[in-house]
Amino acid sequence: LPCLQNIFGVILFIRMPWIVGQAGVVQSCLIIGVCCLTTFLTSVSMSAIATNGVVPAGGSYFMVSRSLGPQFGGSVGIIFFLGVSFAASMYIVGAIEILLNYLVPQIAIFADKWHNMRLYGEILLILLVCIVAVGVKLVNKLATLFLACVIVSILCIYIGIFGSLGSIDVCMKSAVTPENITYSYLLKVPQAECAANDGIVTPGLTNLLDFENFKSNIGPYYQGSAQIAPGVPVNDKDTDVYNDLATSFTILLAIFFPSVTGNYT
């Protein structure tokens, strides 16, 4: 259960669609394959070490320190501690981002979104500390409930796809790259203001069997920082949807990799 809970993490919900949009279908599958292959080889190595006996408290640290010595065990233990700490921070920030941007944006107190994320992130962190302080037994008892919530959330993604076919319109605008290639990008304005910003209201996903749309998303769509399309800088940061960092295969691989490290727990 802990492995599944970590694999089905925040990256899957708030970054996977963006990764596919940037890398395309083929390279997104390659990213997933590389990450899964890396963790598979690690799992095989850990399985070989775990055959030496029953693994008590300590997990991977106990296995490595008893099999390869305290020097290796200490090094792995420190790295594992830092990795889990950064992972906890990532999950907290991701949960608060979903909470403030999609679920209940009305609870925002400050005008600066980062102040709101810090405030509610601290509250969530204190709550998690209290749960952990009670003991691991409580966490294990709630593991099935937490996993059920994650699975229901994944099912809601597919329900939303079928439920929103042809019912969501978006405001689009065209941009021409230096290579004279025309791209369409989103505007974050109300539909009533779309025409005033030189945009066109376009229907969203209308057909799951749209092979032309699928074919246009096979290849990569990497953009630089502050760009609305490859090689096209943002015009208005208040209305244009743009990349806030430069993307590449290695960067997207690094972003997605934490979502497959659940077997390390």
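This report walks through a salt bridge, a helix and a glutamine in a predicted model.

**The salt bridge**

Let's start with charged side chains. The model has one salt bridge. Glutamate 97 pairs with arginine 15, and their closest N and O atoms are 3.4 Å apart. The two partners come from distant parts of the chain, 82 residues apart. Glutamate 97 belongs to helix H5 (residues 70-103), while arginine 15 sits in the loop between helix H2 (10-14) and helix H3 (16-50). Their surroundings can be compared with the cut-offs for burial. Glutamate 97 has 18% relative accessibility, so this residue counts as buried, buried meaning under 20%. Arginine 15 has 28% relative accessibility and therefore counts as partly exposed.

**Helix H6**

Next, follow the chain to helix H6, which covers residues 113-134. Its 22 residues, at 1.5 Å a residue, should span 32 Å, and the end C-alpha atoms are indeed 32 Å apart, so the two values agree.

Which residues of H6 are buried? They are Asn116, Met117, Tyr120 and Gly121. These residues cover an arc of only 115° around the axis, which means that they lie on the same side of H6. The buried residues of H6 pack against H5, the helix that also holds glutamate 97 of the salt bridge. On the face turned away from the buried side you will find the exposed residues Arg118, Ile126 and Ala133.

The ends of H6 are worth a look too. At the N-terminal end, aspartate 112 acts as a cap, with a side-chain oxygen 3.0 Å from the backbone nitrogen of tryptophan 114. After H6 comes glycine 135, which has a positive phi, near 140°.

**Glutamine 227**

Our last stop is glutamine 227, found in strand S4 (residues 227-229). With 17% relative accessibility, glutamine 227 counts as buried. What does its side chain meet there? A polar atom of the glutamine 227 side chain lies 2.7 Å from the backbone nitrogen of glycine 224, and the backbone nitrogen of glycine 231 lies 3.1 Å from a polar atom of that side chain. Leaving aside residues up to four places away in sequence, glutamine 227 touches Val232, Pro233, Val234, Tyr242 and Asn243.

**Atom pairs at a glance**

Here are the atom pairs described above, for checking in the viewer.

| Pair | Atoms | Distance |
|---|---|---|
| glutamate 97 and arginine 15 | closest N and O atoms | 3.4 Å |
| aspartate 112 and tryptophan 114 | side-chain oxygen, backbone nitrogen | 3.0 Å |
| glutamine 227 and glycine 224 | side-chain polar atom, backbone nitrogen | 2.7 Å |
| glutamine 227 and glycine 231 | side-chain polar atom, backbone nitrogen | 3.1 Å |

How values were computed: Residues are numbered from 1 along each chain as its sequence is written. This is a predicted model: local features need pLDDT of at least 70, side-chain atom pairs count only at pLDDT 80 or more; totals for chains, interfaces and linings use all residues. Side-chain values use heavy atoms; hydrogens and water are left out. A salt bridge is a side-chain nitrogen of Lys or Arg within 4 Å of a carboxyl oxygen of Asp or Glu. Helices (H or I, at least four residues) and strands (E, at least two) are DSSP runs, numbered from the N terminus. Buried means under 20% relative accessible area, exposed over 50%, partly exposed in between (1.4 Å probe, protein chains only). The expected span of a helix is 1.5 Å times one less than its number of residues. The arc is that of the directions from the helix axis to the C-beta atoms. Contact means heavy atoms within 4.5 Å. A polar contact is a pair of N or O atoms within 3.5 Å; within protein, one must be able to donate a hydrogen and the other to accept it, and residues adjacent in sequence count only if both atoms are side-chain atoms.
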